[in-house]
Amino acid sequence: MSREKWSSRSTFIFAAIGSAVGLGNAWRFPGLVAKHGGGSFLLVYIVMMIVLGIPILMSEIAIGRHVRQGAPGAMRALNKKAEPIGWIAVSNALVIAIYYAVLFAWVILMFIASYKFAGLTGDAVGASGLWKGLIKTTMTTSGYGTIAWPVLICLLAAWGATFWCIRNGTGSVGKIIKYIVPLPVFCLLILAIRGFMMDGAMEGMAKLFIPDPSAFSDSTLWVDAIGQVFYSMSVAMSIMFAYGSYLDNKSNIAVDSIIIAFADMLVSVIASVVMFTTMAGVGMLDNMSSEGISTAFVIYPQAIVQLTDIPWLNAAFGYVFYFCLMTLAIDSLFSIVEGASTAIADKFKLNRKKTTISICIIDGILGLFFITGAGLAWLDIVDNFVNSYTVILTGVLETVAMGWFFKTSKLLGQINRNTGKFKMPQWIYNLSIKYIAPVILSGLFIWNVVSLFRNGGIYGAGAGYSMVANIIGGWLIVALCLTSGFIIKLIVKVKEKKGFVADCRSWDEISENEAE
């Protein structure tokens with residue numbers, strides 16, 4: 001049976017942009033820019049995007065298109081021993097989806113509650129505590145309390161919307177993505193216009209775009225820029241393999257990948273303009289935080305209630321802001337689920353719709369833990385360990401497999417198929433995939449490990465997180481992700497005794513035209 005495909009080139013590009021552009025663009029990126037000298041961070045980010053992000057993005061899409069499978073099958077086609085790398089990527093996606101849905105639920109809750117900003121006009125303290133009061137957090141890993149029913153309803157809505165978007169695979173995604181992707185840009189432009197109208201806006205723009213030369217000597221600038229590029233491009237999470245597997249053989253991966261990468265960066269810059277002009281306008285430019293959750297739910301609400309002296313207008317801006325975050329969250333979440341669903345369905349020859357339903361139900365149930373009173377603290381721990389260790393390590397393993405256990409000339413041939421004048425140069429691609437990406441990502445991974453053990457092996461010790469919480473929410477999750485491939489291998493062996501036959505074809509055994 002032929003594999004489903006994207007209905008058009010623009011549908012794929014919109015879907016990939018929607019996956020790449022997420023909550024991190026709106027709340028983490030501006031905070032990192034503020035932390036690291038404005039234009040200094042932007043320059044380093046652009047360089048790292050070109051030499052690191054784009055080549056990996058191109059590779060994942062190209063491998064997916066040729067192999068016509070999710071991440072595990074795609075990696076196995078490169079080298080039969082590389083399949084576990086794909087399963088680590090799938091595990092990353094499954095874990096991230098659990099708590100990303102909770103973030104989505106919190107955004108939905110704040111959207112609904114934005115009418116409260118009218119009554120809080122001028123009350124920055126009250127606005128800063130609105131979200132914490134709604135989710136009833138204890139801010140610790142203990143004191144679970146009860147689940148706030150409004151959050152539970154919003155979580156159900158988040159998962160329901162996610163399944164509805166991908167219920168029919170590329171068909172349903174294609175019908176809604178052309179509306180969902182432009183919406184946050186439209187909302188950000190509205191907020192940016194308001195920001196430019198405020199006194200002090202130019203001060204914010206100056207801090208955003210003018211580089212601080214002294215910032216370049218700060219090693220954390222480079223670490224944060226590399227990390228943001230890697231996280232923001234949706235690589236090492238099985239998504240781009242899956243999206244690439246639905247591409248037509250006539251697609252122009254080289255050009256499309258550059259469009260996706262720069263569109264992702266553009267949204268980040270527009271979001272930064274919103275944050276810097278608004279925060280400068282209300283005299284809170286120095287209050288910006290690199291912690292995304294704090295920015296979105298604690299700090300920015302303080303700015304919202306000080307935008308004007310007109311209560312209903314402040315509430316309206318609150319609705320626009322959180323609607324923007326909702327549109328950013330939904331396409332990223334359903335992309336994460338789609339990447340995992342595709343991989344599992346391909347491997348075990350399952351019905352994709354039923355696989356997607358199962359993932360949504362299981363991850364939704366597991367997500368209930370994160371909407372308890374202690375959920376915020378546990379979410380912080382899990383998010384840190386997955387993004388700081390398993391995702392980065394997946395990138396290291398992927399690029400080593402691509403560059404050292406497979407011929408990069410074959411990958412580059414796939415990338416440069418159907419291109420006109422523009423082609424990815426061989427020397428740049430080889431240098432990036434074989435040397436720059438593995439070395440830089442390995443350095444980032446080592447940096448994160450060393451930083452953790454300098455703090456006694458405990459993340460968030462200053463916030464009161466215990467070693468037990470770190471072991472359960474951190475190291476145990478990391479161990480499960482890293483061993484997922486071997487767990488799948490055992491499952492396959494059991495199924496093979498019952499007659500199951502896995503697809504074990506290599507790259508050269510797969511016909512270029514089999515999906516046509």
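## Salt bridge between Lys410 and Asp508

In this predicted model, Lys410 and Asp508 form a salt bridge, and their closest N and O atoms are 3.0 Å apart. Lys410 belongs to helix 20 (residues 408–415), while Asp508 sits in the segment after helix 23, so the pair ties together parts that are 98 residues apart in sequence. Lys410 has a relative accessible area of 25% and is therefore partly exposed. Asp508, at 58% relative accessibility, counts as exposed. Elsewhere, Glu4, Glu338 and Arg352 are joined into one network by salt bridges that share partners.

## Other salt bridges

The count of salt bridges comes to 11. Side chains of opposite charge can pair when their charged atoms come close.

One of these pairs is Lys35 with Asp224, whose side chains meet at 3.3 Å, N to O. This pair links distant parts of the chain, with Lys35 in helix 2 (residues 23–35) and Asp224 in helix 13 (residues 219–232), 189 residues apart. Lys35 counts as partly exposed because its relative accessibility is 47%. Asp224 is buried, with a relative accessible area of 13%.

Another salt bridge is formed by Glu83 and Lys347, with 3.0 Å between the closest N and O atoms. Here too the pair links distant parts of the chain: Glu83 is in helix 5 and Lys347 in helix 17, 264 residues apart. Glu83 counts as buried at 12% relative accessibility, and Lys347 counts as buried at 9%.

## Nonpolar core

The largest nonpolar core has 185 residues, and the residues with the most contacts inside it are Trp106, Leu325 and Phe334. Helix 5 (residues 83–112) gives the largest share of this core, 21 residues.

Leaving out residues up to four places away in sequence, Phe334 touches Thr162, Cys165, Ile166, Val173, Ile176, Ile177, Ile180 and Tyr243.

## Ser332 in helix 17

Ser332 is a residue of helix 17 (residues 311–348). With a relative accessibility of 4%, Ser332 counts as buried, since the cut-off for that class is under 20%. A polar atom of the Ser332 side chain lies 3.1 Å from the backbone oxygen of Val21.

Val21 also appears among the contacts of Ser332 beyond its neighbours within four places in sequence; the others are Gly18, Ser19, Gly22 and Tyr100.

## Ala74 in helix 4

Ala74 is placed in helix 4 (residues 71–78) and counts as buried at 0% relative accessibility. Not counting residues up to four places away in sequence, Ala74 touches Ile63, Val67, Gln69 and Phe241.

Ala74 and Asp218 are 144 residues apart along the chain, and their C-alpha atoms are separated by 38 Å.

## Positive phi outside glycine

Ser238 is not a glycine, yet its phi is positive, at about 75 degrees. The residue lies in the loop between helix 13 and helix 14 (239–245). Ser238 is buried, with a relative accessible area of 0%.

Lys349, likewise a residue other than glycine, has a positive phi near 55 degrees. Its place is in the loop between helix 17 and helix 18 (352–367). Whereas Ser238 is buried, Lys349 is exposed, with a relative accessible area of 53%.

## Nonpolar surface patch

On the surface, a nonpolar patch is formed by Met467, Val468, Ile471, Ile472, Leu476, Leu480, Ile487 and Ile491, which together have about 680 Å² of accessible area. Two elements give two or more residues to this patch, helix 22 (467–482) and helix 23 (484–496). Helix 22 provides the largest share, 6 residues.

Met467 is placed in helix 22. At 33% relative accessibility, Met467 counts as partly exposed. Met467 can belong to the patch because its 33% relative accessibility passes the patch cut-off of over 30%.

Terms used: Residues numbered from 1 in each chain as written. Predicted model: local features only at pLDDT ≥ 70, side-chain atom pairs only at ≥ 80, totals over all residues. Heavy atoms only, no water. Patch = residues over 30% accessible without salt bridge, like charges linked within 9 Å, V, L, I, M, F, W, Y side chains within 5 Å. Areas by Shrake-Rupley, 256 points an atom, 1.4 Å probe, with all protein chains shown as cover. Salt bridge = Lys/Arg side-chain N within 4 Å of Asp/Glu carboxyl O. Helix = DSSP H or I, 4+ residues; strand = E, 2+ residues; numbered from the N terminus. Buried < 20%, exposed > 50% of the residue type's maximum accessible area, 1.4 Å probe, protein only. Polar contact = N/O pair within 3.5 Å; in protein donor to acceptor, adjacent residues only side chain to side chain. Contact = heavy atoms within 4.5 Å. Core = buried A, V, L, I, M, F, W, Y, C linked by side-chain atoms within 4.5 Å.
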